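Q: Could you take me through the aromatic side chains of this protein, starting with one buried phenylalanine and working outwards? I would also like to hear about the cysteines and about how one pair of helices packs.

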Amino acid sequence: MVDAAVLEKLESGFKKLEASDSKSLLKKYLTRELFDKLKNLKTPTFGSTLLDVIQSGLENHDSGVGIYAPDAEAYTIFGELFDPIIEDYHGGFKKTDKHPAKDWGDVDSLGSLDPAGEFIISTRVRCGRSLEGYPFNPCLTEAQYKEMEEKVSATLSGFTGELKGTYYPLTGMSKETQQKLIDDHFLFKEGDRFLQAANACRFWPTGRGIFHNENKTFLVWCNEEDHLRIISMQMGGDLGQVYRRLVSAVNDIEKRVPFSHHDRLGFLTFCPTNLGTTVRASVHIKVPKLAANKAKLEEVASKFNLQVRGTRGEHTEAEGGVYDISNKRRMGLTEYEAVKEMNDGIAEIIKIEKEM
């Protein structure tokens, strides 16, 4: 049984959410009936409760989504809540749908989106991965954080060639290294209030760290929001180069560390918005004319399922007409298709900007 203190927290949190003007997907789909049905459930292996799933959304009424998965089993046990939210966020991925098998496609078919370097400042493609056999943040013990970090750093130290680099643990990091990583925009900070509320920052900075290659075009975050965030990036608009580097790195890591995968949902992540391919391909792009006509920009973006954000990430404004534009759909399509959506959408945006 779920203990009384947890039930009490759930009850009072739910009432506040019900009375709020929250626009979150959590509020949209968590009816009283569903709440009563799920509030006494626990995941079999790690004993996660509904509170672990929804606490971030109960605390932050301005959440867009409002739920996280404390462990892999939560997606099944609390499926009646996760499924409609996943369907809504991922553009109609229904609970009867099955995410396709991993497919990176023809990696040589992508090239540069902006050969003359007029519009695109930088390009990056990242994906998230979870290590099989470990829960997600709220359930991880200090020992597990350390154990995962050891596995990951040992794997990454085996890289050669372009991917060869150094792993920097956050624990005991010197001020100089810290400053260097901040200057390169590589260092992640302790989680924001949405992650804090989801219990994703315990034992900080134990088990957390950053790896990057010598050219600073390849990066791995260990135990930030997901177990692994694998990132390939560089200045300019050569999406093909960025994508090929990511694919070879992910394939290499997977040979040594098995990833948590679900038959229907694809690769599993802490936040349901990242499920499936987990791929987010993005550019920082300067489109001053479209920036002056935000409605037009949003219209083109939505046609290609793209998300337009400020350059400092979610919930930020554009600075100097520069936007961060990325693919929004990560489920129900292959890795290649997700990146191709971004590719085609950006090509269209550049074309319109030139014509304006």
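A: Happy to. Please keep in mind that this is a predicted model. A good place to start is F218, which is buried because its relative accessible area is 0%, under the 20% cut-off. Its partner F211 is buried too, again with a relative accessible area of 0%. The ring centres of F211 and F218 lie 6.1 Å apart, which is within the 6.5 Å limit for a pair. Their planes meet at 70°, and since anything over 60 degrees counts as edge-to-face, that is the label this pair gets. F159 joins these two residues, so that F159, F211 and F218 make up one aromatic cluster.

Next, have a look at F259 and F267, both of which are buried. They also form an edge-to-face pair, with 6.4 Å from centre to centre and 80° between the planes. F267 has a charged neighbour as well: R129 lies over the face of its ring, at 3.6 Å from the ring centre. A lysine does something of this kind elsewhere, with K328 placed over the face of Y89 at 5.2 Å from the ring centre. For the whole model, the count of aromatic pairs comes to 11.

Now to the cysteines. The count of disulfides is zero. Take C222, whose closest cysteine sulfur is that of C127: the two sulfur atoms are 14 Å apart, and because a disulfide needs them within 2.5 Å, this is too far for a bond. C222 is buried, with a relative accessible area of 1%. C271 is likewise in no disulfide, and the nearest cysteine sulfur, in C201, is 14 Å away. With a relative accessible area of 9%, C271 counts as buried as well.

Last come the helices. Helix α12 covers residues 294-303 and helix α13 covers residues 335-355. Their axes are 9 Å apart, and the two helices pack at an angle of about 150°. Angles over 145 degrees count as roughly antiparallel, so α12 and α13 are described that way. The crossing of α12 and α13 is right-handed.

If you have the structure open, F211 and F218 make a handy starting view, with F159 in the same cluster. From there you could turn to F267, where you will find F259 as its edge-to-face partner and R129 over the face of the ring.

Methods:
Residues numbered from 1 in each chain as written. Heavy atoms only, no water. Phe/Tyr/Trp six-rings, centres within 6.5 Å; stacked < 30°, edge-to-face > 60°. Buried < 20%, exposed > 50% of the residue type's maximum accessible area, 1.4 Å probe, protein only. Lys NZ or Arg CZ within 6 Å of the ring centre and 35° of its normal. Axes fitted to C-alpha atoms, helices over the stretch in contact; angles between N-to-C directions. Helix = DSSP H or I, 4+ residues; strand = E, 2+ residues; numbered from the N terminus. Parallel < 35°, antiparallel > 145°, perpendicular 65-115°, else oblique. Left-handed = near helix turned anticlockwise from the far one by under 90°.
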